[in-house]
Amino acid sequence: MRSIRSFLIVVTLAAIVLVIFVAIVQGYRKGIEQTQQLLDAQLAHYARLLATSPGGAVAELPSDSELRFQMFTDDGELLNRSANTPDTAMLPLTRVPVGDTSFDGQRWRVLNYRVPDRPLVISVAERVQDRFAIAEQIVNATLMPILFG
């Protein structure tokens, strides 16, 4: 009788641990995905802010800034860009508006924003490494109480 009870306790505890583990993994994946969506929305906000600048005149970002930008006409003519940004489009202007690319020796998340009332395309980029670090900090801060709370 005692061995059956021990077996059932061990199986029940193993099932509970497995369910908690799967829930934490799913929570982590979903949290990273949602945080990435929020960071993409923030890139779109930066692009809209740049779109309000008169005539493409933008104050220069510090060289160690985490953001890079480019401004193009609809024809693909480069109007303005931040330092350490390529002369060519970071992401093809005709492609999907958000994507990852490489330049300056790093991976970047790039958002192309077409200004609705002007013939202007603004590309804004942020380092993938920085985005992942932010997302991981947020998700870990959310999940750690579940593990150790």
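Is the crossing of α1 and α2 left-handed or right-handed? I began my notebook with this point and found that the crossing of these helices is right-handed. I note at the outset that the model I examined is a predicted one.

**Entry 1: overall layout.** I looked up the elements of the chain and found two helices and five strands. Read from the N terminus, their order is α-β-β-β-β-β-α. The chain has 149 residues, and I recorded 34% of them as buried. I then turned to contacts between residues at least 6 apart in sequence; 45% of these join residues at least 24 apart.

**Entry 2: the helix pair.** I returned to α1 and α2, whose axes come within 9 Å and cross at roughly 145°. I listed the residues that meet there. On the α1 side they include Ile24, Tyr28, Gly31, Ile32, Thr35, Leu39 and Leu43. On the α2 side they include Arg131, Ala135, Ile138, Val139, Leu143 and Leu147.

**Entry 3: helix α2.** I looked at α2 by itself and noted that this helix covers residues 128–148, 21 residues in total. The distance from its first C-alpha to its last is 29 Å, close to the expected 30 Å. I also found a kink of about 30° at threonine 142, shortly before proline 145.

Which residues of α2 are buried? I found Asp130, Arg131, Ala135, Val139 and Leu143 to be so. I recalled that an α-helix has 3.6 residues a turn, so residues three or four places apart point the same way. As for what covers the buried residues of α2, I recorded α1 (2–51), β4 (106–115) and β5 (120–127) among the elements involved.

**Entry 4: an aromatic pair.** I searched for paired aromatic rings and counted one pair. The partners are phenylalanine 103 and tryptophan 108; their ring centres lie 4.7 Å apart and their planes stand at 10°, under the 30 degrees required, so I entered the pair as stacked. Phenylalanine 103 has a relative accessible area of 10%, which is under 20%, and therefore counts as buried. Tryptophan 108 is also buried, because its relative accessibility is 0%.

**Entry 5: around phenylalanine 103.** I placed phenylalanine 103 in strand β3, which spans residues 98–103. Leaving aside residues up to four places away in sequence, I found that phenylalanine 103 touches Arg68, Asn84, Thr85, Pro86, Met90, Trp108 and Ala125. I looked further at proline 86, which is 17 residues from phenylalanine 103 along the chain; their C-alpha atoms are separated by 7.5 Å.

Conventions:
Residues numbered from 1 in each chain as written. Predicted model: local features only at pLDDT ≥ 70, side-chain atom pairs only at ≥ 80, totals over all residues. Heavy atoms only, no water. Helix = DSSP H or I, 4+ residues; strand = E, 2+ residues; numbered from the N terminus. Expected span 1.5 Å × (residues − 1). Bend = angle between axes of the 7 residues up to and from the residue. Buried < 20%, exposed > 50% of the residue type's maximum accessible area, 1.4 Å probe, protein only. Contact = heavy atoms within 4.5 Å. Phe/Tyr/Trp six-rings, centres within 6.5 Å; stacked < 30°, edge-to-face > 60°. Axes fitted to C-alpha atoms, helices over the stretch in contact; angles between N-to-C directions. Left-handed = near helix turned anticlockwise from the far one by under 90°.
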